[in-house]
Amino acid sequence: MVDTNLYNELKDRGLLYQCSDEESLKKKLESGEPIVVYEGSDPTADSLHIGHCVPYCVLRRFQKAGHKVILLMGGATASIGDPSGKTELRKMLTYDQINTNIDKIKQTLKVFLDFDGDNPAEIVNNADWFSKLNYIDFMREYGVHFNVNKMLSSEIYDNRLNQGGLTFFEMGYMPMQAYDFVHLNRTHGCTLQYGGADQWGNIVAGVELQRKLNFQNGTNVELIGATNPLLLTPEGKKMGKTEKGAIWIDKDKISAYDFYQGVYQTPDACVELMFALFTDLPMNEIRSLIKEDIVKAKETLSFEMTKFIRGEKDAIEAREATHALFKGGQNLDNVPTLILTKSDLNAKPLVDIVTEGKLCASKSESRRMIENGGISVGEQKIVDIKKTITEADLTENYVIVRKGKKNYLKVVFE
């Protein structure tokens, strides 16, 4: 059973940004017939942060509405690297690194999509078909349809071109991604590609390639490309990271408290889109809440996102830890904690404690933060890099160490 209200839902939540043929897409989504939609990602890392997951939030809605979802892992395209928005040639990955990244990312994707049941999402790897293609045959059959002047006019290549460093190697990325769409239509009946707005040029290239093949072969295959808006800070940078680091989806890479706090630091202008993507709350309720009380809206967003990504238990614990640190609560059990021994009192430098507790990413950063007055022990700002924790600093057997105003660490001496 297909939910025919998906188009209205995407529009209401602001998740349909660009479309090669919006009227046709609307008809397809309101027809009651399931379609096949895909999104492509290059596995250039072994984990995902929230900024990476925007398209998966959109595909989740397609799957819930009854449509078939395909996730393309770019085992082949990752070996080139997407030049979109880049000023330098991407680091080339080995095939072993790419395959390892794919295996790890698959586990994360289960947060967003169902890979079992009657309508499972499917993962494909474009290395499976590109490894079987002959270069000369590919260029004769498909490369002939790409005009270099038009390719260079795409913003995909802008930064690399302006830096004077665009390589022929990178020029191959667009034709490969365009062919992915054609291939998935032929093998899986896929008619829609959805992706981030920064991929618009690559997505449209696939739609246009099929149009040219239609003219050449006398076929009438209709492909549609669409994008979601990017999750950007007011400064125009992609969201997904905070001053403390990336807001990872993988539980092994970030604590529930740090995830919750990372979401809470969302710029006010981005809160509505974060709600639209990562929660199922009605948009009229979301907009009313944001208008009435942005602080309460951020608290609600942090809880709902932590519950969605990590589970309700983690969300409750992270909220309680936040309440204990910022609102005078008494339960510090769920605050990020570093366990040390009694022998570390008067011995272990605060620089090492801050680093081990991951308040700072490195020892050099810890030194700089202390020297600049950015680290507090209890209520006291510390500027002495030789400082150690003493009995006088403790409350019972612990002390709260703080970086700035929002990053806390409970240091326990047992």
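Select Val-411 in strand S13, residues 407-413. This is a predicted model. Is Val-411 buried or exposed? Its relative accessibility is 0%, so Val-411 counts as buried. Show its contacts next, skipping neighbours within four places in sequence. You should find Leu-338, Leu-340, Ile-353, Asn-397, Tyr-398, Val-399 and Val-401. Now draw a C-alpha distance from Val-411 to Tyr-260. The two are 151 residues apart along the chain, and the distance reads 20 Å.

**Helix H12**

Stay with Tyr-260 and select its helix, H12, residues 256-264. How many of the nine residues of H12 are buried? Eight are, so the helix is mostly covered. Colour these: Ala-256, Tyr-257, Phe-259, Tyr-260, Gln-261, Gly-262, Val-263 and Tyr-264.

**Helix H18 and its cover**

Go to H18, residues 363-371. Its buried residues are Glu-365, Ser-366 and Ile-370. Look down the axis of H18: these residues fall within an arc of 135 degrees, so they line one face of the helix. Now bring up what covers them. The cover includes helix H17 (350-356) and three strands: S10 (375-377), S11 (380-382) and S12 (398-403). After H18 comes Gly-373. The phi of Gly-373 is positive, near 75 degrees.

**Two loops beside H17**

Select Asn-346, in the loop between strand S9 (337-340) and H17. Asn-346 is not a glycine, yet its phi is positive, about 60 degrees. Then move to Lys-358, in the loop between H17 and H18. Lys-358 is not a glycine either, and has a positive phi of about 65 degrees. Is Lys-358 buried or exposed? Its relative accessibility is 65%, so Lys-358 counts as exposed; the cut-off for that is over 50%.

**Helix H2**

Jump to H2, residues 22-30. Pick out its buried residues: Ser-24, Leu-25 and Leu-29. Where do they sit around the axis? They cover an arc of only 130 degrees, which puts them on the same side of H2. Add the elements that cover them. Among them are helix H1 (6-12), strand S1 (18-19) and helix H3 (54-64). Strands S5 (192-196) and S6 also belong to this cover. Gly-32 follows H2, with a positive phi near 90 degrees.

**Strand S6 and Gly-225**

Keep S6 on screen and select Gly-225; the strand runs over residues 224-228. Gly-225 has 0% relative accessibility, so it counts as buried. What does Gly-225 touch beyond its neighbours within four places in sequence? Its contacts are Gln-18, Cys-19, Ser-20, Gln-193, Trp-200, Ile-203 and Val-207. For a longer reach, draw a C-alpha line to Asp-118. Asp-118 is 107 residues away along the chain, and the line spans 26 Å.

**A loop at Ser-153**

Select Ser-153, in the loop between helix H7 (148-152) and helix H8 (158-162). At 55% relative accessibility, Ser-153 counts as exposed. Add Gly-201 to the selection. The pair is 48 residues apart in sequence and 9.8 Å apart in space, C-alpha to C-alpha.

**The nonpolar cores**

In soluble globular proteins, nonpolar side chains tend to be buried together. Here, the largest nonpolar core holds 59 residues. Which of its residues touch the most other members? Select Phe-62, Tyr-194 and Phe-278. Now select helix H13, residues 271-278. H13 gives the most to this core, with seven residues. Then hide that core and show the second, separate one, of 26 residues. Trp-129, Phe-138, Tyr-179 and Cys-190 are included in it.

**Zoom out**

Show the whole chain as a cartoon. It has 18 helices and 13 strands. The C-alpha trace spans about 85 × 45 × 35 Å along its principal axes. Colour by burial: 50% of the 414 residues are buried. Switch to a surface view. About 20,000 Å² is exposed, and carbon and sulfur atoms supply 48% of that area. Colour by charge last. There are 51 positive and 58 negative side chains. The centres of the two sets lie 3 Å apart. For a contact map, keep pairs with a separation of 6 or more: residues 24 or more positions apart account for 72% of those contacts.

Key. Residues are numbered from 1 along each chain as its sequence is written. This is a predicted model: local features need pLDDT of at least 70, side-chain atom pairs count only at pLDDT 80 or more; totals for chains, interfaces and linings use all residues. Side-chain values use heavy atoms; hydrogens and water are left out. Helices (H or I, at least four residues) and strands (E, at least two) are DSSP runs, numbered from the N terminus. Buried means under 20% relative accessible area, exposed over 50%, partly exposed in between (1.4 Å probe, protein chains only). Contact means heavy atoms within 4.5 Å. Accessible areas come from the Shrake-Rupley method with a 1.4 Å probe; for residues, only the protein chains shown count as cover. Lys and Arg count as positive and Asp and Glu as negative; His and the chain ends are not counted. The place of a charge is taken as NZ of Lys, CZ of Arg, CG of Asp or CD of Glu. The arc is that of the directions from the helix axis to the C-beta atoms. A nonpolar core is a set of buried Ala, Val, Leu, Ile, Met, Phe, Trp, Tyr and Cys residues joined through side-chain atoms within 4.5 Å.
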